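Thanks for taking a look at this one with me. Below are some notes to help you find your way around; please keep the view open as you read.

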Amino acid sequence: MELTGNIKTTIVCDDEKEHVYEIIRELDSEGEEIILLTLYPTLTTPNELDLSCMHLLNHADDETLKINKIHFIFLFSKVA
């Protein structure tokens, strides 16, 4: 058996990548769209994941969550 999945990542930032305003992770499954407010970004590349993102993505397909799109909105945009 082979299972595959895709995650589309969109990063909204300034040209210098010093400020990241939003990261959107979109899965190819059915579910809800959520918005998560966080303090500050720690990443500027689409292939990296922080612990909060990893935890949500690991449980996005759970019966209780059923998430297909996560908007990470940063209250402070300066990359730490």
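1. How many bridges join strand 3 to strand 4, and do these strands run parallel or antiparallel? Strand 3 and strand 4 run parallel, and seven bridges join them. One place to see this pairing is Glu-32, which stands opposite Ile-67 in strand 4. Please keep in mind that this is a predicted model.

2. Now look at the other pairing of strand 4. Strand 2 and strand 4 run antiparallel, with five bridges joining them. Here you can pick out Glu-26, whose bridge partner in strand 4 is Lys-69.

3. Next, follow the chain through helix 1. This helix covers residues 51–59, and together with strand 3 and strand 4 it makes a β-α-β unit that is right-handed.

4. How well covered is strand 4? The strand is mostly covered, as six of its eight residues are buried. Ile-73 also belongs to strand 4, but its relative accessible area is 24%, so Ile-73 counts as partly exposed. The cut-off matters here, because a residue is called buried under 20% relative accessible area.

5. Ile-73 is a good residue to zoom in on. Leaving aside residues up to four places away in sequence, Ile-73 touches Tyr-21, Glu-22, Ile-35, Leu-36, Leu-37 and Thr-38. Ile-73 can also be compared with Val-20: the two are 53 residues apart in sequence, while their C-alpha atoms are 9.0 Å apart in space.

6. One of the residues touched by Ile-73 is Ile-35, and you will meet Ile-35 again on the surface. Ile-35 lies in strand 3, which spans residues 32–38. With 60% relative accessibility, Ile-35 counts as exposed, because exposed means over 50%. A helpful background point is that side chains in a regular strand alternate between the two faces of the sheet.

7. Which residues make the nonpolar surface patch? Ile-35 takes part, along with Leu-37, Leu-39, Tyr-40, Leu-75 and Phe-76, and the patch measures about 670 Å². Two of these names, Ile-35 and Leu-37, are also found among the contacts of Ile-73.

8. Let us turn to the charged side chains. The structure holds three salt bridges. One of them pairs Glu-18 with Lys-78, where the closest N and O atoms are 4.0 Å apart. This pair links distant parts of the chain, 60 residues apart: Glu-18 sits in the loop between strand 1 (7–13) and strand 2 (20–27), and Lys-78 in the segment after strand 4 (67–74). Both ends are partly exposed, Glu-18 at 40% relative accessibility and Lys-78 at 47%.

9. Which residues are linked in a network of salt bridges? The network consists of Asp-61, Glu-63 and Lys-66. Between Asp-61 and Lys-66 the closest N and O atoms are 3.5 Å apart, and between Glu-63 and Lys-66 the N to O distance is 3.8 Å.

10. How exposed are the members of this network? Glu-63 is exposed, with a relative accessible area of 67%. Asp-61 is partly exposed at 48% relative accessibility, and Lys-66 is partly exposed at 29%.

Notes
Residues are numbered from 1 along each chain as its sequence is written. This is a predicted model: local features need pLDDT of at least 70, side-chain atom pairs count only at pLDDT 80 or more; totals for chains, interfaces and linings use all residues. Side-chain values use heavy atoms; hydrogens and water are left out. Helices (H or I, at least four residues) and strands (E, at least two) are DSSP runs, numbered from the N terminus. Buried means under 20% relative accessible area, exposed over 50%, partly exposed in between (1.4 Å probe, protein chains only). Patches are made of residues with over 30% relative accessible area and no salt bridge: like charges are joined within 9 Å, nonpolar side chains (Val, Leu, Ile, Met, Phe, Trp, Tyr) within 5 Å. Accessible areas come from the Shrake-Rupley method with a 1.4 Å probe; for residues, only the protein chains shown count as cover. Two strands pair if DSSP finds at least two bridges between them. A crossover is right-handed if, with the strands pointing away from the viewer, the path from the first strand over the helix to the second runs clockwise. Contact means heavy atoms within 4.5 Å.
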